[in-house]
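The exercises below ask you to read a model step by step, from the whole chain down to single side chains. Try each task on the displayed coordinates before turning to its solution.

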Amino acid sequence: MVRRKIFGTIAALSALSVAQVAQAENSIYQGPCDRAEQVKANNTVDKIMKYSTYKGVSLHRFEDDLAAACKLDTAIIRTLSLQSRTTTQAKYNLVRKTITVGSQMEGCTDLKTYASNTIGTATFTTEFSRLADSCEVYVKVAWDLRSTTSSWTSSFVTRVLVLNDGSLVMAQPGPADGLYSTPIAFSGL
Amino acid sequence: MRNKHVIGGMAALAALCASQAAQANNAIYQGECSRAYQVKTNSPINTLMKHSKYKAVSMHRFGEESEKRCDADKIFHWELTLTSSTTSMVSYSVKRKEFYFSKNVPTCDRLYSLNNSVIGTVNFTTGVSEANGLCEVYIWSDWQLTDTANANWKGAFANRSVVMNDGSFVQAQPGPSGGLFNTPLAFSGVN
């Protein structure tokens, strides 16, 4: 596998055999390990996460009767506010808001805003890992969420892509069969 | 988003000088030119844009008076439907609907849909360009939009798209500073 200087996502385009479709590994660098170490050292997370506020939104089709009957999409709006930032970690407070959008069907509520009851933190770090024949550098975010109205909590980790304008994107694979979750795309304010 | 020809930027993860923060070129490959052309040949656009329908939502602050008064962000709901697909170009029809989402200010505490509907087309291709002695392969999207409620308004912009590892794709929409912004467009295939 040839692996060198593959950016912003995209990975195994380099390893493409004929007829193989590009698949991204969502890393910011993949290649020789000495170079990867240099990339990590030069890209501390405080340089990547340079804004004190980010806003982002994603679109979802959940598996519930109302969504199915009314073909409703749900938009989740997230605001991240800086809590602390060092060269090794950038931590943000999260507030989330949910609305339904999209349907104009008779008998269906088109637009509805739900009270914000999910809060938490998002902690960003720059990571280095060894692969079979190379090394990669990527940005990781650890989410810790909780409900303000119930005992619900959730913790999960995703990789983050940094686009060329400093905005952030993270994939969140969703279920098939007409259900989906778009990537979360954040802009720095 | 209402500006014309916002061109995908070029930053330089490629360059990666010491002390330089990671900035993606939003390219899908960057390296030796012979390899770049091989990558392009092996990645026809119809294998990258493999869904017949994509959906996305994006958030914006344009600086309009109503936004300031209500501290309101605008939300665009996007839907792409496949119209043609070849190895060199994939085309979709575009439908875009706009929503205001206002903060909890008494007279602005509502969510509503605008009457207009933006429609148009977007064409996706793959391209190769040379930069700093290397070649890069990228996905290019060219958007042509009109407004069904305003015959005089036409939107046109072109940008690089980045395909993620789950088949979704995103593109940055550089926005103005000073509290105004356009979040990236992040599309998922929905069938």
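A residue counts as buried when its relative accessible area is under 20%, as exposed when that area is over 50%, and as partly exposed in between, with a 1.4 Å probe and protein chains only as cover. This is a predicted model, in which local features need a pLDDT of at least 70 and side-chain atom pairs count only at pLDDT 80 or more, whereas totals for chains, interfaces and linings use all residues. Residues are numbered from 1 along each chain as its sequence is written, chains are lettered from A and ligands numbered from 1 in the order in which they are written, and side-chain values use heavy atoms, with hydrogens and water left out.

**Exercise 1. Describe chain B as a whole.**

Solution. Begin with burial: of the 191 residues of chain B, 54% count as buried. Next, take the accessible surface, obtained by the Shrake-Rupley method with a 1.4 Å probe, which comes to about 7,500 Å² for chain B, with 52% of it belonging to carbon and sulfur atoms. Then assign secondary structure, where helices (H or I, at least four residues) and strands (E, at least two) are DSSP runs numbered from the N terminus; chain B has 3 helices and 10 strands, arranged along the sequence as β-α-α-β-α-β-β-β-β-β-β-β-β. Finally, consider contacts, meaning heavy atoms within 4.5 Å: among those in chain B between residues at least 6 apart in sequence, 55% join residues at least 24 apart.

**Exercise 2. Judge the confidence of the prediction.**

Solution. The score to use is pLDDT, the predictor's confidence in each residue, from 0 to 100. Chain B averages a pLDDT of 78, and 77% of the residues score at least 70. In chain B, confidence is lowest in helix α3 (residues 65-70), with a mean of 77, and highest in helix α2 (residues 45-48), at 92. Over residues 1-23 of chain B the pLDDT is below 50, although this stretch has 79 contacts in the model beyond near neighbours in sequence. For the complex, the predictor gives an ipTM of 0.74 and a pTM of 0.79.

**Exercise 3. Trace the pairing around strand β7 of chain B, and explain why this strand is largely enclosed.**

Solution. Two strands pair if DSSP finds at least two bridges between them. On one side, strand β6 (residues 134-147) of chain B is joined to β7(B) by 9 bridges, and the two run antiparallel; B:Asp147 has B:Asn150 as its bridge partner in β7(B), and the hairpin of β6(B) and β7(B) has 2 residues between the strands. Moving on, β7(B) pairs in the antiparallel sense with strand β8 (residues 169-171) of chain B over 2 bridges, with B:Phe169 in β8(B) as the bridge partner of B:Val163. The hairpin of β7(B) and β8(B) has 5 residues between its strands, and B:Gly167 in the turn has a positive phi of about 90 degrees. As for enclosure, 10 of the 14 residues of β7(B) (residues 150-163) are buried, so the strand is largely enclosed by the rest of the structure.

**Exercise 4. Determine which residues of helix α1 of chain A are buried, and how they are arranged.**

Solution. In α1(A) (residues 33-42), A:Arg35, A:Ala36, A:Val39 and A:Asn42 are buried. Seen down the helix axis, with the arc taken from the directions from that axis to the C-beta atoms, the buried residues of α1(A) fall within 130 degrees, so they line one face of the helix. On the other side of α1(A), A:Asp34 and A:Ala41 are exposed.

**Exercise 5. Characterise the surroundings of B:Lys55.**

Solution. First locate B:Lys55, which lies in strand β2 (residues 53-61) of chain B and, at 8% relative accessibility, counts as buried. Then look for polar contacts, defined as pairs of N or O atoms within 3.5 Å; within protein, one atom must be able to donate a hydrogen and the other to accept it, and residues adjacent in sequence count only if both atoms are side-chain atoms. The side chain of B:Lys55 makes such contacts with the side chain of A:Asp73 (2.9 Å) and with the side chain of A:Tyr180 (3.2 Å). Apart from residues up to four places away in sequence, B:Lys55 touches residues including A:Leu59, A:Arg61, B:Trp78 and B:Phe187.
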